[in-house]
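Let us walk through this structure in order, beginning with its overall layout and then turning to its helices, its core, its loops and its charged pairs. Please keep the sequence and the model side by side while reading.

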Amino acid sequence: MTNDTMSMMLPVNRTYKSTVFIMLFEDRNNLYGTKKVHIPEPEFVIFYNGREEMPERQVLKLSDMYTTKDKQVRLELEAVMLNISGENNHKLKAACHTLREYAIYTDKIRKYTEIMGLSDAVERAIQECIEQGVLKDFLERHRTEAKAMSIFEYDQEKHMRQEREAAWEDGHLAGIEDGLKSQIEKKLAKGKTLTEIADELEETEERIRELTDKIKGKE
């Protein structure tokens with residue numbers, strides 16, 4: 001994400017608090033001493049503008065990702081995710097002109113990638129936004145950077161989406177296989193032959209033999 005993109009989010013992200021925080025700790029006189037230094041409470045905000053359906057506002061907790069669920073959480077981090085795609089968070093975007101235009105720009109790219117290549121979609125979105133006065137000054141000054149970054153971000157988004165879909169597919173297939181192995185084990189316990197099991201489960205005998213070998217390999 002470029003500095004220009006980050007600066008577009010400043011009015012909404014309440015980053016004046018983060019700026020004060022940085023100013024405090026840039027001064028070494030405020031780092032070393034016995035007197036407690038009072039600083040603004042940090043806030044973490046994530047702007048979501050992806051394809052998936054998401055609530056307008058969602059609190060994300062770091063502890064939700066922990067592998068163990070202890071009653072006492074020793075380290076916690078909360079971030080508020082705000083969905084700015086489409087008509088979501090209309091009041092928020094109305095309050096921040098730059099954020100609203102940024103959402104329009106990204107929505108246009110997403111729309112045009114459905115009917116043309118990514119590079120052409122980004123170029124069309126940029127040209128259309130300039131003509132409509134959406135992020136006009138920014139896009140005219142940083143057209144090349146904006147196009148390159150947008151292509152990178154959408155390629156990355158596509159890659160992550162494909163990875164999630166592949167993971168789901170792998171899990172789905174693994175679930176089917178586990179179900180078949182469970183049925184095979186029950187039928188083997190009843191003394192049925194591989195041919196009979198294949199016929200009853202409507203699978204090939206080779207497939208049943210393969211799964212039977214896996215079952216025996218775990219014993």
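A residue is called buried when its relative accessible area is under 20%, exposed when the value is over 50%, and partly exposed in between. By that cut-off N89, with a relative accessible area of 13%, is buried, and this residue also has a backbone feature to which we return below. The model is a predicted one, and every value that follows should be read with that in mind.

The protein has 9 helices and 3 strands, and from the N terminus on the elements follow the order α-α-β-β-β-α-α-α-α-α-α-α. Of the 219 residues in the protein, buried residues make up 27%.

A good place to start is the helix α5, which covers residues 118-132. Its 15 residues, taken at 1.5 Å a residue, should span 21 Å, and because the C-alpha atoms at its ends are 21 Å apart, the expected and the computed span agree. The buried residues of α5 are L118, A121, V122, A125, I126, E128, C129 and I130, and C129 counts as buried with a relative accessibility of 0%. Another cysteine, C96, is buried as well, at a relative accessible area of 5%, yet the structure holds 0 disulfides.

Helix α4, residues 97-112, can be examined in a similar way: it has 16 residues and reaches 23 Å from its first C-alpha to its last, which is close to the 22 Å expected at 1.5 Å a residue. Its buried residues include nonpolar ones such as L99 and I109 and also charged ones, among them E101, K108 and R110.

What does the largest nonpolar core consist of, and which residues have the most contacts inside it? This core has 16 residues, and those with the most contacts inside it are Y105, I109, V122, I126 and L139. At least two residues of the core are supplied by each of α4, α5, α6 (136-141) and α7 (143-189), while the largest share, 7 residues, comes from α5.

The stretch after α5 repays a closer look at the backbone. G133, which follows α5, has a positive phi, near 75 degrees. L135, placed in the loop between α5 and α6, has a phi near 50 degrees, a positive value in a residue other than glycine, and at 6% relative accessibility L135 counts as buried. N89, the residue with which we began, likewise has a positive phi near 50 degrees although it is not a glycine, and its place is in the loop between β3 and α3 (90-95).

The loops around the strands also hold two methionines worth locating. M54 is found in the loop between β1 (45-48) and β2 and is partly exposed, with a relative accessible area of 26%; its C-alpha atom is separated by 9.8 Å from that of I84, which lies 30 residues apart from M54 along the chain. M65, in the loop between β2 (57-61) and β3 (78-83), is exposed, with a relative accessible area of 68%. Together with F44, L62, L75 and L77, M65 makes a nonpolar surface patch of about 500 Å².

Turning to the charged side chains, the structure holds 10 salt bridges. In one of them the side chains of E78 and K61 meet at 3.9 Å, N to O, and this pair links distant parts of the chain, since E78 is in strand β3 and K61 in strand β2, 17 residues apart. Both partners are partly exposed, E78 with a relative accessible area of 42% and K61 with 37%.

Helix α9 (residues 205-218) offers pairs with another kind of spacing: R209 and E205 both lie in it, 4 residues apart, about one turn of the helix, and their side chains meet in a salt bridge of 3.1 Å, N to O. R209 counts as partly exposed at 36% relative accessibility, and so does E205 at 28%. R207 and E210 form a salt bridge of 3.4 Å, N to O, and they too lie in α9, 3 residues apart, about one turn of the helix. R207 is partly exposed at 23%, as is E210 at 38%. Elsewhere, salt bridges that share partners join E123, R143 and K147 into one network.

Conventions
Residues are numbered from 1 along each chain as its sequence is written. This is a predicted model: local features need pLDDT of at least 70, side-chain atom pairs count only at pLDDT 80 or more; totals for chains, interfaces and linings use all residues. Side-chain values use heavy atoms; hydrogens and water are left out. The expected span of a helix is 1.5 Å times one less than its number of residues. Buried means under 20% relative accessible area, exposed over 50%, partly exposed in between (1.4 Å probe, protein chains only). A disulfide is a pair of cysteine sulfur atoms within 2.5 Å. Patches are made of residues with over 30% relative accessible area and no salt bridge: like charges are joined within 9 Å, nonpolar side chains (Val, Leu, Ile, Met, Phe, Trp, Tyr) within 5 Å. Accessible areas come from the Shrake-Rupley method with a 1.4 Å probe; for residues, only the protein chains shown count as cover. A salt bridge is a side-chain nitrogen of Lys or Arg within 4 Å of a carboxyl oxygen of Asp or Glu. A nonpolar core is a set of buried Ala, Val, Leu, Ile, Met, Phe, Trp, Tyr and Cys residues joined through side-chain atoms within 4.5 Å.
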